[in-house]
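The questions below ask how the descriptive terms used for a protein model are reached from its geometry. Each answer sets a value against the cut-off behind the term.

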Amino acid sequence: MIEPFIMRAVLAGLAAAALTAPLGAVLIWRRAAIAGDALAHSALLGVALALFMGIAPIAGVGLVAALMALAVFMARSSHSLPVDARLGVFAHAALAAGLIFIAFTMPAQGDVMGLLFGDILALSAFDVWLTGTGALVLLGVLALVWRPLLAAAVSEEIAIAEGLDPRRAVLVHMLLLAAALALAMKITGALLFTSLLLIPAAAARAVARSPEAMAAWAALLGMLAVVIGLWGSWKWDAPSGPSIVMAAFALFAVMQTAAALRR
Amino acid sequence: MTTGNDILVELDDVGVRADGRWIVRHVSFAVRRRRIVTLIGPNGGGKTTTIRAALGIMPVSEGEVRKAPRLRVGYVPQKLALDPSLPLTVARFMRLTAPATPAEVIAALEMTGVAHCMGRQVRQLSGGELQRVLIARAMLRRPDLMVLDEPVQGVDFAGEAALYEIIGRLRDELGCGVLLVSHDLHFVMAGTDHVVCINSHICCQGTPHAVAETEEYAELFGPAALARLAAYTHHHDHVHSPDGHVCGGDDCARGGRRDGEGRS
């Protein structure tokens, strides 16, 4: 007998993993993993803003993350600092600012841990519906920009020369990440969001022979990690978000080992 | 030839500035349908920059690049820095910027002699194989304009001749214009309609013969290069009148003399 709240957690987790894994694969190809961190670290600021303005947290997170996505998109290496170091600086400043604002705006009984690590067992039926529908829409948009996005990851020069618009595709990808973060905030929290982006995609690399196969494998492995993680969390009464991340890491280790043995 | 409607891309007094200095300046030339235009010049002279400006990869700081409407470009870059995290078979790479049927992919790869590489990962190709795959991918698009940046890098000598033959055939079969950077003076003389010699500005341009006879060319490439050209054109045993407008009589005479010295 599966409890309804577990069922809701599984369904929303599956939808979130199916969405974040392909987005994360593109992020890895573009060597932009740090951009995911920068977005995720800005999420608390979004929650604080939402509390302050009296709007839904998902709207606040979406808004702030979209602004962060624009900033990341426009960030350029300067002469003295590479772009990842600059993003790291801003990411942690955003996290600290978020924690400070949360301390002022959060009601006394509020749950900061839930914001950082998510609370997948406390989802409503509406949350599940929203995550599922949102994931479908965002994956549809990703499919629309897939060709220029992939071309940009392979060779931005070829993409531009042959009439694609890789810069626009990269911007769309960043905004998709921001929207995915807003959707996944209740499920993964701010700090575990990047793990759902990166770990399944990294695990998929070992077996994939084409970009599309890697995206599909990443989604599959991410969804598997959700199921295994929630099962483990239920069985051993462990925190659910971190359990999902550990399950994803276990899958990563298995795939790496399998690939090493096959060679 | 002077009608403008077969011009595919035209650079008009183009200059590119980066980090406070001009990489190239005052560059003007046009690529027309069924013409092969070759950029030559010393390393660091701005050949690749010129190509990148023509393609819109690099912004132009002054002047203008005009392209024919709905121009279909096939681009063969100098190198491909593929991230190890990105799995990519040759077959998938061939469809990077436009869809194609498997039969079309095979036909293109066969034309450059690398159909056997179809299922391999792009990162595992040798330098020569990669160059051939890059060329096959660009021509699969059936472009109006093929742009190749040193297309024979990493290709052995026999392969080099074959690749240049393919480029000539592309021009004949697709009716496309070709813009390329080449170090191979042999090909430049034999296969090119128009040569542009770039050393941060245009030193000289015109037909291969006309360019080879300019003083600037002799200074850039030295007597050895002239000797190679002479061997090809047999310029030394009879007198050609310059067939271009670039060089004056003095330059031609000087070119001819050095020509002879180089061979002695």
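Q: What makes helix H2 of chain A roughly parallel to helix H5 of chain A?
A: In this predicted model, the axes of H2(A) (residues 33-41) and H5(A) (residues 83-105) come within 8 Å and cross at roughly 15 degrees. Angles under 35 degrees count as roughly parallel, and H2(A) is therefore roughly parallel to H5(A). The crossing of H2(A) with H5(A) is left-handed. On the H2(A) side the contact is made by A:Ile34, A:Ala35, A:Asp37, A:Ala38 and A:His41, while H5(A) contributes residues including A:Leu87, A:Phe90 and A:Leu95. By class, eight of the contact residues are nonpolar, three polar and two charged.

Q: How do you know that H3(A) is roughly parallel to H5(A)?
A: The axes of H3(A) (residues 43-53) and H5(A) cross at roughly 30 degrees and come within 7 Å. Since the limit for roughly parallel is an angle under 35 degrees, H3(A) is placed in that class with respect to H5(A). The crossing is left-handed, and the residues that make the contact include A:Leu44, A:Leu51 and A:Phe52 of H3(A) together with A:Leu99, A:Phe101 and A:Ile102 of H5(A). This contact has 12 nonpolar and two polar residues, with no charged residues.

Q: Why is H10(A) called roughly parallel to H12(A)?
A: H10(A) and H12(A) pack at an angle of about 15 degrees, with their axes 9 Å apart. Because the term applies to angles under 35 degrees, H10(A) counts as roughly parallel to H12(A). Their crossing is left-handed. Among the residues in contact are A:Leu192, A:Ile199 and A:Pro200 of H10(A), and A:Val245, A:Phe252 and A:Met255 of H12(A). The contact divides by class into 11 nonpolar and four polar residues, and no charged residues take part.

Q: Which residues of H12(A) are buried, and what covers them?
A: The buried residues of H12(A) include A:Ile244, A:Leu251, A:Phe252 and A:Met255. Their cover includes H1, H6 (112-117), H10 (166-205) and H11 (211-236) of chain A. H12(A) itself has 23 residues and reaches 33 Å from its first C-alpha to its last, close to the 33 Å expected at 1.5 Å a residue.

Q: How do you know that the span of H1(A) agrees with the value expected for its residues?
A: H1(A) (residues 4-29) has 26 residues, which at 1.5 Å a residue should span 38 Å, and its end C-alpha atoms are 38 Å apart, so the two values agree. H1(A) is also mostly covered, with 20 of its 26 residues buried. Just after this helix, A:Arg31 takes a positive phi of about 55 degrees.

Q: What makes B:Val181 buried?
A: B:Val181, in strand E7 (residues 177-181) of chain B, has 22 C-beta neighbours inside 10 Å. The cut-off for buried is 20 or more, and B:Val181 therefore meets it. Leaving aside neighbours within four places in sequence, the residues in contact with B:Val181 include B:Leu39, B:Ile51 and B:Asp149.

Q: Why is B:Asp19 exposed, and why does B:Ser200 count as partly exposed?
A: B:Asp19 has 6 other C-beta atoms within 10 Å, and since 12 or fewer is the limit for exposed, B:Asp19 falls in that class. B:Ser200 has 19 C-beta neighbours inside 10 Å; as buried begins at 20 and exposed ends at 12, B:Ser200 counts as partly exposed. B:Asp19 is found in the loop between strands E1 (7-18) and E2 (21-32) of chain B, and B:Ser200 in the loop between strands E8 (194-198) and E9 (202-206) of chain B.

Q: What is the sign of phi at B:Asp19 and at B:Ser200?
A: Phi is positive at B:Asp19, near 50 degrees, and positive at B:Ser200, near 60 degrees. Most residues other than glycine have a negative phi.

Definitions and conventions:
Residues are numbered from 1 along each chain as its sequence is written. Chains are lettered from A and ligands numbered from 1 in the order in which they are written. This is a predicted model: local features need pLDDT of at least 70, side-chain atom pairs count only at pLDDT 80 or more; totals for chains, interfaces and linings use all residues. Helices (H or I, at least four residues) and strands (E, at least two) are DSSP runs, numbered from the N terminus. The expected span of a helix is 1.5 Å times one less than its number of residues. Axes are lines fitted to C-alpha atoms, for helices over the stretch in contact, and angles run from 0 to 180 degrees between N-to-C directions. Angles under 35 degrees count as roughly parallel, over 145 as roughly antiparallel, 65 to 115 as roughly perpendicular and the rest as oblique. A crossing is left-handed if the near helix is turned anticlockwise from the far one by less than a right angle, and right-handed if clockwise. Two residues are in contact if their C-beta atoms, placed from the backbone, lie within 7 Å. Ala, Val, Leu, Ile, Met, Phe, Trp, Tyr, Cys and Pro count as nonpolar, Asp, Glu, Lys and Arg as charged, and the others, Gly among them, as polar.
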